Amino acid sequence: MPSYEETYAYLEKHVDALKTNKTGDERQTDGEVFDKKTLMTIYGLMTDGLIDRVHYPISTGKEGNVFYVTDEDGDPAALKIFRTSTSTFKRVSQYVEGDPRFRGVRGNRWKMIYAWVNKEYKNLVRYCDAELPVPEPIAFDNNCLLMEYIGDDSGPAPQLKDCVLEDPTDTYDEVVSFIVDGWRDAHLVHGDLSEYNVLMLDGQPIMIDVGQAMTSDFYNAKDYLERDIRNVNRFFRQRGADVIEDSVILDETLNGEDEEDEE
Ligand SMILES: Nc1ncnc2c1ncn2[C@@H]1O[C@H](COP(=O)(O)OP(=O)(O)OP(=O)(O)O)[C@@H](O)[C@H]1O
Ligand SMILES: [Mg+2]
């Protein structure tokens, strides 16, 4: 087993963010993003052959960062790293504790955040199994989630809020289908659906940030469903799409006719 120093030296070669900013305050910033546990987790993903190099941050936020990474073949992926901070802990606790799939996880900050990452991974699996447009999950460990990179050679896909839509109603219909089928087929409600958590790739919306998504039997799942519908309708109304009334979408989601069974 390599020592921490050896591991760190290895990481320095493979994680671009560790190559620079090694003095004073800046180092401290790095230390925050990549604390020792996080570095070891990234190292684990590397020795598992899932990542070869961590390039640049696609996004930096209060609760974590998303990095552009590549494997040994140079194929890209997105690595979402959660900060194990008190504020992250506070926000995620309610969702983890309330989720029947994670009953019994409480207390310890790290344990709770690890459960959260596990939850985001599981939700991605569920959406993918239902063939809904989300990044394909690849792996997770501790506070790190590795998933399909949504973007192309020119860079990561933009958020819906920053896009000029060719056909707003078309995009709107796709997002509404995600809400309806998400509930009916994946038995999930996203819970934080907005123009910030939809990426546009080749004219198609791809939904991200599914950590808080909960199963449709969650005690207040319906409230979250209504909020998602409201947010999506508000945004697309501004963009001039033909918006369907909230109550109609809600009814379709909860009581819609099942399509003919194809099996
Ligand atoms: N799979 C992905 N491929 C490409 N870019 C991604 C991917 N996942 C996330 N991103 C980028 O990273 C940003 C933040 O990701 P996400 O919404 O999942 O995290 P978040 O918890 O909301 O973080 P923040 O609080 O910083 O918004 C996204 O808006 C998007 O630009
Ligand atoms: Mg987000």
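User: What makes ligand 1 count as sitting in the largest pocket?

Analyst: A molecule sits in a pocket if more than half of its atoms lie within 2 Å of the pocket's grid points. In this predicted model, ligand 1 is assigned to the largest pocket, so it meets that test.

User: Why is the pairing of Lys80 with ligand 1 called a polar contact?

Analyst: The cut-off is 3.5 Å between N or O atoms. An oxygen atom of ligand 1 is 2.8 Å from an N or O atom in the Lys80 side chain, so the pair qualifies. Gln159 passes too, with a side-chain N or O atom 3.0 Å from a ligand oxygen, and for Asp209 the distance is 2.6 Å.

User: How do you know how much of ligand 1 the protein buries?

Analyst: Taken alone, ligand 1 exposes 610 Å², and the protein buries 83% of that.

User: What makes up the shell around ligand 1?

Analyst: There are 17 surrounding residues, with Glu148 and Ile150 among the closest. By class, 10 are nonpolar, four polar and three charged. Strands E1 (53-60), E3 (76-82) and E5 (144-148) each supply at least two of them. Domain 1 (22-148) and domain 2 (155-255) each give at least three.

Notes. Residues numbered from 1 in each chain as written. Chains lettered and ligands numbered in written order. Predicted model: local features only at pLDDT ≥ 70, side-chain atom pairs only at ≥ 80, totals over all residues. Heavy atoms only, no water. Near = heavy atom within 4 Å. Polar contact = N/O pair within 3.5 Å; in protein donor to acceptor, adjacent residues only side chain to side chain. Areas by Shrake-Rupley, 256 points an atom, 1.4 Å probe, with all protein chains shown as cover. 1 Å grid on protein atoms, 1.4 Å probe; cavity = no way out; pocket = protein on both sides within 12 Å on 5 of 7 lines; lining within 4 Å. Helix = DSSP H or I, 4+ residues; strand = E, 2+ residues; numbered from the N terminus. Nonpolar A, V, L, I, M, F, W, Y, C, P; charged D, E, K, R; others polar. Domains from an automatic or database assignment.
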